Number of protein chains: 2
Amino acid sequence: MTAEPVTAPDQRHAGGRRPGENTTRAEILAAARTCFAERGYDATSVRRIADAAGVDQSLVHHFYKTKENLFLSALEVPVKMPDAIAGAVPGDRAGLGERVVRAHLGLWADLSVSPQMLIMLRSAAINSQAGEVLREFAAESMRAALADVVTGETAGLRVVLISSSLMGLAMARFVLELEPVASASVDEIAAELGPALQTYFDPPDEP
Amino acid sequence: MTAEPVTAPDQRHAGGRRPGENTTRAEILAAARTCFAERGYDATSVRRIADAAGVDQSLVHHFYKTKENLFLSALEVPVKMPDAIAGAVPGDRAGLGERVVRAHLGLWADLSVSPQMLIMLRSAAINSQAGEVLREFAAESMRAALADVVTGETAGLRVVLISSSLMGLAMARFVLELEPVASASVDEIAAELGPALQTYFDPPDEP
DNA sequence: GTCTATAAATAGATAGAC
DNA sequence: GTCTATCTATTTATAGAC
């Protein structure tokens, strides 16, 4: 009952070279992002990624050599992430907390970066490489983005506490899917978390 | 509440055989806690736990049957966790934020509960059972402990945001070991995070 | 209670045909 | 570029001797 596989019903590139940039490599990467984001590094087998991409397992190795290397490619953080936070800085000082929360949630709504963020968050606790990438983002990138507005003796600590709060929010909302924060609107979260973050911009012991 | 029989140290049975409640079972559990806390569920093999306990692999199965069952035992959260947060409630309202932070960090300093908390936090992003335990603690237990002091229309959301902040702090300090929050003193953290949490107890739009 | 030995499944990775 | 077939290592788990 399976119809004859009709060997490649023509599509010859007579004479011409370059079968064109093949999309298989990109499809494998996309499938890997989905799988890693859903299950993390260990629980995702190369075979599963291959199935999700509709290709053979050995093709994954052909393109990315090792699983670890593929994971690093899947994890690659777009440059726009730190920029998005920095973009929340300009404006009135009283609204800083809210704008930072909205900028952060805006990244999670951006499908070109949110899979990588989910991979990072879901794997950081176990995988040392994901942990390093998250550390870099939560510390250095945040510090650079907020250097002008978080000042004072304890600025270093306060920047990381801002990162921690946003990390906790993301864990609750996107990883644990904890209610009611998982299905709350951006407005509702910004209205509550914004003022909390604001205390780091206006430290109570500032002269 | 399965309440492990916690081998009473003494309780001799004169003449009888019974080499007494053997400590091997407890040693395996302790080794499992250490390993799971360090590496998470997937990366911890039964063999590694057995080695850490100084016993054979098959003994682990003999006592705990399956790896998953052992993990659940290792994860078992002491009842005192919610109580510790509730214990921070009495006192002047202005100091609530700080007291909650100190209560939370006090739990992490308690060696009878911190391994379980680390297991939970490190595995929750990947392991559904650990995730469920963490959800239960971050939502229900927190809500019960703070019901009297977090009030108003958005109380449900604000309780979970408090949980999220504490979760983010624990991730940064104990899992990622992110500086400077990893080596900051309890006083320093309480001084900065306390006022941020305080905004949830005194919502700006309260009548 | 504690060990040896091993079953049974699955993992990542490679070789080579087409 | 894509597939089939397979190697090797490691996993959880069990059976059975002592």
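User: What makes the approach of D56(B) to a phosphate oxygen of DNA strand C a polar contact, at 3.2 Å from a backbone N or O atom?

Analyst: A polar contact is a pair of N or O atoms within 3.5 Å. A backbone N or O atom of D56(B) lies 3.2 Å from a phosphate oxygen of DNA strand C, so the pair fits the definition. This is a predicted model: local features need pLDDT of at least 70, side-chain atom pairs pLDDT 80 or more, while totals for chains, interfaces and linings use all residues. Residues are numbered from 1 along each chain, chains are lettered from A, and side-chain values use heavy atoms, without hydrogens and water.

User: Which side chains of chain A make such contacts with the strand?

Analyst: Q57(A) has a polar side-chain atom 2.9 Å from a base nitrogen of DNA strand C. In K67(A), a side-chain N or O atom is 2.7 Å from a phosphate oxygen of that strand.

User: What makes a residue count as near DNA strand C, and how many surround the strand?

Analyst: One of its heavy atoms must lie within 4 Å. 16 residues surround the strand, with V46(A), Q57(A), H61(A), K67(A) and D56(B) the closest. Helix 3 of chain B gives the most to this surface, four residues.

User: Why are the two copies said to be related as by a two-fold rotation axis?

Analyst: A rotation of 180° with 0.0 Å of shift along its axis superposes chain B on chain A, with RMSD 0.1 Å. The two copies are thus related as by a two-fold rotation axis. The superposition is by least squares on C-alpha atoms of residues with pLDDT of at least 70 in both.

Conventions
A polar contact is a pair of N or O atoms within 3.5 Å; within protein, one must be able to donate a hydrogen and the other to accept it, and residues adjacent in sequence count only if both atoms are side-chain atoms. Helices (H or I, at least four residues) and strands (E, at least two) are DSSP runs, numbered from the N terminus.
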